[in-house]
Amino acid sequence: MSLVGVITGASSGIGQALTVQLSNSYSTLYICGRKLKSLQLTKDMCSASKAEIIPILLDLNDKVSIKKAAVEIAEKDSKIHLLVNNAGQSQRSLVKDTSEEVEAMIMQINYFGQVQLTKLLLPALQKAGNSRILITSSIVGKFGYPLRSTYSASKHALHGFFESLRFEEKKNGIFVQFLVIGRVQTNVSVNALTAEGETYGKMDKGQAGGISAEACAKKIEAALQSNRKEVLIGGKELLMVKFKKYLPFLFYKIAEKESNHV
Ligand SMILES: NC(=O)c1ccc[n+]([C@@H]2O[C@H](COP(=O)([O-])OP(=O)(O)OC[C@H]3O[C@@H](n4cnc5c(N)ncnc54)[C@H](OP(=O)(O)O)[C@@H]3O)[C@@H](O)[C@H]2O)c1
């Protein structure tokens, strides 16, 4: 069977590693991002595979670009078996300092943009049948965290929207799976936005000590073989998700202690 996938945020980090990983099992992968050069690099990294890797320019902060990308994909393939909503923009700023523009931008990229793209690709996912939407969420999609207010809110919003979509689209053969990611060694903190929308530019200790993007991609591929609605990926930081659910008093004790250092 020839499988068709779409991966957003494929120009770096987790999306890039996942593209390489899935290029061995998918016949066509549409890889999306804002920088053609970086997407080309991802494509080159898949040269040992037989998959057709097609770079697609996509800016999730621009509705016209989202429409254009979706049309481009739909014109080439009427069936999509996998959509990985992976692109994302993190944040490093206090609520009291963060401008409304930055908040709106993070919500557009991390939430509304993903919703808009998914709705445009829904007919192709329905047509494929037995298809899947992956959502790259975060442990801060499960709890709030200092300096991440809007980022955390955008990831929480993804859970509400895409869980609803899972219920609605089950009869059409679409399954939604959440990847609740802890710390992965990527440039997510370097690329994060500050209060005024500048690039943060620093590698956080958390990311530096995280699992590799390649290890993360392997776990995502394994998740694709299962029907678990949520899959936790990362290291010991994932315990905080379990604590919040089963031992909330412990979660708040640790989180409040950590927050004192911010
Ligand atoms: N690394 C972690 O520790 C961690 C933890 C939890 C969750 N996550 C999530 O994992 C996902 C991937 O992040 P990463 O760690 O791989 O970081 P990354 O290396 O910074 O990758 C982010 C990706 O998102 C794309 N992107 C950013 N803004 C975009 C926009 N306006 N339009 C389209 N694409 C855009 C980037 O592509 P271009 O810049 O080329 O457009 C890039 O490919 C994100 O959703 C992030 O929130 C990461």
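These legends walk through several close-up views of one predicted model.

Residues are numbered from 1 along each chain as its sequence is written, and side-chain values use heavy atoms, with hydrogens and water left out. Because the model is predicted, local features need pLDDT of at least 70 and side-chain atom pairs count only at pLDDT 80 or more, while totals for chains, interfaces and linings use all residues.

**View 1. The largest nonpolar core holds 32 residues.**
A nonpolar core here is a set of buried Ala, Val, Leu, Ile, Met, Phe, Trp, Tyr and Cys residues joined through side-chain atoms within 4.5 Å. Buried means under 20% relative accessible area, exposed means over 50%, and partly exposed lies in between (1.4 Å probe, protein chains only). The members that touch the most other members are Val6, Ile73, Ile80, Leu121, Leu125, Ile133 and Phe162. At least two residues each come from β1 (4-8), β2 (28-33), β3 (52-57), α3 (63-76), α4, β5, α5 and β6 (174-181). Helix α4 gives the most, with 9 residues. These element names follow DSSP runs, numbered from the N terminus: helices are H or I with at least four residues, and strands are E with at least two. As background, nonpolar side chains in soluble globular proteins tend to be buried together.

**View 2. Ile133 and its contacts.**
Contact means heavy atoms within 4.5 Å. Leaving aside neighbours within four places in sequence, Ile133 is in contact with Leu83, Asn85, Thr118, Leu125, Phe162, Leu165, Ile174, Phe175, Val176 and Gln177. Two of these names, Leu125 and Phe162, may be familiar from the list of core members that touch the most others.

**View 3. Arg92 and Asp204 meet in a salt bridge.**
A salt bridge is a side-chain nitrogen of Lys or Arg within 4 Å of a carboxyl oxygen of Asp or Glu. For Arg92 and Asp204 the N to O distance is 2.7 Å. This pair links distant parts of the chain, 112 residues apart: Arg92 is in the loop between β4 (82-85) and α4 (100-128), and Asp204 is in the loop between β7 (184-185) and α6 (205-208). Both residues are buried. While you are here, look for Ser189, which lies in the loop between β7 and α6. Ser189 counts as buried because its relative accessibility is 0%. Not counting residues up to four places away in sequence, Ser189 touches Arg92, Tyr200, Gly201, Lys202, Met203, Asp204 and Gln207.

**View 4. Glu230 and Lys142 form a salt bridge at 2.8 Å, N to O.**
Here too the pair links distant parts of the chain, 88 residues apart, with Glu230 in strand β9 (residues 230-233) and Lys142 in the loop between β5 (131-138) and α5 (149-169). Glu230 has a relative accessible area of 29%, so it is partly exposed. Lys142 also counts as partly exposed, because its relative accessibility is 24%.

**View 5. A salt bridge within helix α5 joins Arg166 and Glu163.**
The closest N and O atoms of Arg166 and Glu163 are 3.3 Å apart. Both residues lie in α5, 3 residues apart, which is about one turn of the helix. Arg166 counts as buried at 8% relative accessibility, whereas Glu163 counts as partly exposed at 36%. Elsewhere, salt bridges that share partners join Arg92, Arg148 and Asp204 into one network. A search of the whole structure finds 6 salt bridges.

**View 6. Cys32 and Cys216 are in no disulfide.**
A disulfide is counted when a pair of cysteine sulfur atoms lies within 2.5 Å, and the structure holds 0 of them. The cysteine sulfur nearest to Cys32 is that of Cys46, 14 Å away. For Cys216 the nearest is again that of Cys46, 16 Å away. Cys32 is buried, with a relative accessible area of 1%, and Cys216 is buried with 0%.

**View 7. Asn130 and Leu147 have positive phi values.**
Most residues other than glycine have a negative phi. Asn130 has a phi near 50° and sits in the loop between α4 and β5. Asn130 counts as exposed because its relative accessibility is 73%. Leu147, in the loop between β5 and α5, has a phi near 70°. Leu147 counts as partly exposed at 25% relative accessibility.
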